[in-house]
Amino acid sequence: MVTGKKSLGRTLQSLYVWHRWIGIACALLVLWLAVTGILLNHAGRLGFDRQYVGAPWLLRMYGIAPEPPTKGFHVPGHWLTQGGELLFLDERPVAELRSPLIGAAALRGVILASAADMAILLTDTGELIESLGQAVLPGQVLAVASTDRQFLIQTKDGVYASHADLLRFEHYTGTWPAQASRPQALPQEIGQAIAKSGGGIRLNGERVLADLHSGRLFGRYGPWIMDLASLSFIFLALSGLWLWWRYRQSQQDRLRQRQR
Amino acid sequence: MKRRLLLIALTLIACTVQAAEEVYLEPSQFVSEAFDGSPPEPAQLWITGDLREQAGAILGHSPANLRTRYWRKGLRTVWILEEIGKEQPITSGFVVQDGSIEALRILIYRESRGWEIRHDFFTRQFKDAHLQDGNRLDRDIDGIAGATLSVNAMRKLARLALLYHHHVTENDGNR
């Protein structure tokens, strides 16, 4: 009996020591998981799901290495190109463009960059005037061009003309300009600058947070370390409960012995 | 038995596929219907200065565009506005008459969830809504579980449409 009690005592002491040291070792990971977990729970309210991050060092951690774009559309004084879902005016991202860029034209300080189902109007300093969707375009865009007075938009139903404000479209019966918008070789320095800044590839903030929480951001072994931490938490919970229960039992035993 | 399992598997796979863009009503059709088939030419509203600040306060961020287009006859204006729900923009149409929302339609929905906002039980809450002090709506809009961000986007756009309507009708006078 005495031997049994001593053995139990040694076990409890050993368990307590393990509980303590594993708790200390995991403290940092507990904090990490708790903080990222709380942020994830409220990602919507905090706006993480609507924010995008594209810092080059972060993309490198994801193994994303965008290639420099090689083609673009030239308008007087500027190049329009697309990286990811972003439209670039020279090296600067200026608007979201979710469909492939098919043409660009300029008229009186206004730049028109078009995909098949949407068009972007910019000032020549890169400020976004308007994104034109299906509600206002005269049809699916095949090509764009400009004369000295009008923008021209080629669709399946013919060519439409509009002034620089692109408010109204009228059928155009003139000749399609010979120098209509075509993709050309993009200057290397612009392509390199775009690639260096992330190439237009953006990661959703909530996703980055989830990868931080799970450890996926830290390479192949990151998730395993988080798994190990989680197993440690399970050990801490169970050992903590066991230690509490044994302590409670021993307190009750002592009380009974006193009463005798 | 094998066919049933295959059918179940395909159904489950289909359920996990992210929803593509859903066009419930073409924006051009919405504009046309709002004016009984005879829409006016579009006009443009430049979002600058104080108007831009007010719009930014409503949206929680600066408006992306420098201008927005609208259609107007007298005290009736129609706006096609977009705002991101969770990750994708929601395209919605507003008809504003005499400073109150006459109609709200979800035109194009691109998210994988939250599409319940397109139904009448949600959109009719906005009927006759107008702005109070501070550019707030005159009523609470009941949310939909699981569509909080889409609902919030609609609240913002409703306020924005009313703000823009006030701006064009008060500045230009009645036409």
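Let's start in chain B, where Ser150(B) sits in helix α5, a helix that spans residues 148–172. Everything described here comes from a predicted model. With a relative accessible area of 4%, Ser150(B) is buried, because buried means under 20% relative accessible area. Leaving aside residues up to four places away in sequence, Ser150(B) touches Gly85(B), Ile90(B), Tyr109(B), Arg113(B), Gly114(B) and Ile117(B).

**Chain B as a whole**

Stepping back from that serine, chain B contains five helices and six strands. Read from the N terminus, its elements follow the order α-β-α-β-α-β-β-β-β-α-α. The chain has 175 residues, and 45% of them are buried. Its contacts can also be sorted by sequence separation: of those between residues at least 6 apart in sequence, 58% join residues at least 24 apart. The accessible surface of chain B is about 9,300 Å², and carbon and sulfur atoms account for 50% of it.

**Salt bridges**

Over all chains, the whole structure holds 11 salt bridges. Here are three of them, with the N to O distance for each pair.

| Salt bridge | N to O distance |
|---|---|
| Glu130(A) and Arg69(B) | 2.9 Å |
| Arg216(A) and Asp211(A) | 2.9 Å |
| Asp138(B) and Arg139(B) | 3.2 Å |

Which chains does the pair of Glu130(A) and Arg69(B) connect? This pair crosses between chains, running from strand β9 of chain A, which holds Glu130(A), to strand β3 of chain B (residues 67–73), which holds Arg69(B). Both Glu130(A) and Arg69(B) are buried. They also belong to a network of salt bridges that links Glu130(A), Arg67(B) and Arg69(B).

The pair of Asp138(B) and Arg139(B) lies within chain B. Asp138(B) has 23% relative accessibility and counts as partly exposed. Arg139(B), at 27%, is partly exposed as well.

In the pair with Arg216(A), Asp211(A) is buried, at 6% relative accessibility. Asp211(A) is also one of the buried residues of helix α5 of chain A (residues 205–214), alongside Gly205(A), Val208(A), Leu209(A), Leu212(A) and Ser214(A). An α-helix has 3.6 residues a turn, so residues three or four places apart point the same way. Just past the end of α5(A), Gly215(A) adopts a positive phi of about 90°.

**A four-stranded sheet in chain A**

The strand that carries Glu130(A) also takes part in a sheet of chain A. This sheet is open and made of four strands, ordered β6-β7-β8-β9, with antiparallel pairing. The edges are taken by β6 (103–107) and β9 (128–132); each has a single partner strand, so one side of each lacks a neighbour in the sheet. On average, neighbouring strands here are turned by 15° against each other, direction ignored.

How many bridges join β8 of chain A to β9(A)? Strand β8 (residues 119–123) pairs with β9(A) over four bridges, in the antiparallel sense. As a reminder, strands of a sheet pair through backbone hydrogen bonds, either parallel or antiparallel. Glu130(A) has a part here too, as the bridge partner of Leu121(A) in β9(A). Glu130(A) therefore appears both in a strand bridge and in a salt bridge to Arg69(B), where a salt bridge means a side-chain nitrogen of Lys or Arg within 4 Å of a carboxyl oxygen of Asp or Glu.

Within this sheet, strand β7 of chain A covers residues 110–114 and includes Ala113(A). Is Ala113(A) buried or exposed? Its relative accessible area is 0%, so Ala113(A) is buried. Beyond residues up to four places away in sequence, Ala113(A) touches Leu80(A), Leu87(A), Leu101(A), Gly103(A), Ala104(A), Met118(A), Ala119(A) and Ile120(A). As for Ala180(A), 67 residues away along the chain, its C-alpha atom is separated from that of Ala113(A) by 13 Å.

**A nonpolar patch on the surface**

To finish, chain A also offers a nonpolar surface patch, formed by Leu228(A), Leu231(A), Ile234(A), Leu238(A), Leu241(A), Trp242(A), Trp244(A) and Trp245(A). Together these residues have about 870 Å² of accessible area. One of them, Trp242(A), is found in helix α6 of chain A, which runs over residues 222–259. Trp242(A) is partly exposed, with a relative accessible area of 36%.

How values were computed: Residues numbered from 1 in each chain as written. Chains lettered and ligands numbered in written order. Predicted model: local features only at pLDDT ≥ 70, side-chain atom pairs only at ≥ 80, totals over all residues. Heavy atoms only, no water. Helix = DSSP H or I, 4+ residues; strand = E, 2+ residues; numbered from the N terminus. Buried < 20%, exposed > 50% of the residue type's maximum accessible area, 1.4 Å probe, protein only. Contact = heavy atoms within 4.5 Å. Pairing = 2+ DSSP bridges. Axes fitted to C-alpha atoms, helices over the stretch in contact; angles between N-to-C directions. Patch = residues over 30% accessible without salt bridge, like charges linked within 9 Å, V, L, I, M, F, W, Y side chains within 5 Å. Areas by Shrake-Rupley, 256 points an atom, 1.4 Å probe, with all protein chains shown as cover.
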